[in-house]
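Biologist: Could we go through this protein's fold, its nonpolar interior and its surface, one question at a time?

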Amino acid sequence: MSNLSVTNDLDALLRTMTSPAEQALADRTRYSFARSLITERVNVSPKRLVAPGPNEEQLHEMLTMAVAAPDHGQITPWRFVLVPAEKRGLLAEAFALALIDRDPGATLKQIEMAREKAYRAPTLMLAIAKVGEHDSQIPVEERLIALGAAIQNILLTATAMGFGSGLTSGQAMTSPRIRVLFGLEAGEMAACFANIGSTSHAKVARLRPPVESILSHL
């Protein structure tokens, strides 16, 4: 049975628990699952992500979770572009040319390293933020927060399905080469790449700051 099926079965079971005692148990179960999911998720380097990646159904479920993110004004200030295996060469060339544009003196090794980044992780998606146009009542900051929430939903769903995931960005994100390749329109910006795949490497939890260090009282 797939992790997606297990997650759906758990959700269906919890929905049938209607008595006060059952509801309390369902709430504790949801909290326990959510806490485990959030605290155990770690960023996995794209170099360590291998096939298989999520199938079409799993990817659709991840994006279903993305559109459940907070969205003030319901303007959906984001979109995602999947880079299939047969198009990785185009992305590799864009990465290479973006590097040469920034640094005409880049070595062949550096150019090849830039190209190689396009072939990491079996599933690769570009997250695009819609920071202009649409309803000017919704500030850019809110749109970026909404995109971040959508991306986090994707990453958590990937974790629940048993996949590793990580985000990558870099100077190439602002390159005209990337804008042209992905068909970015006026008011859109490339935010980051979401990398998803399988991994056999042990998860190493990152050091997290204590709650006291991030909370103050007005």
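The questions and answers below go from the core to the surface.

Modeller: This is a predicted model, in which local features need pLDDT of at least 70, side-chain atom pairs count only at pLDDT 80 or more, and totals for chains, interfaces and linings use all residues. Residues are numbered from 1 along each chain as its sequence is written, and side-chain values use heavy atoms, with hydrogens and water left out.

Biologist: Which element supplies the largest share of the largest nonpolar core?

Modeller: A nonpolar core is a set of buried Ala, Val, Leu, Ile, Met, Phe, Trp, Tyr and Cys residues joined through side-chain atoms within 4.5 Å, where buried means under 20% relative accessible area, exposed over 50% and partly exposed in between (1.4 Å probe, protein chains only). The largest such core has 22 residues, and Leu-91 and Phe-95 are among those touching the most other members. At least two residues each come from α4 (88-102), α5 (108-116), β2 (123-130) and β4 (188-197), the helices (H or I, at least four residues) and strands (E, at least two) being DSSP runs numbered from the N terminus. The largest share, 7 residues, is that of α4.

Biologist: Why is Leu-144 classed as it is, and what is that class?

Modeller: Leu-144 lies in helix α6 (residues 140-160). Because its relative accessibility is 36%, Leu-144 counts as partly exposed.

Biologist: How many residues are in the second, separate core?

Modeller: This second core includes Trp-78, Phe-80, Ala-146 and Ile-196. Its size is 20 residues.
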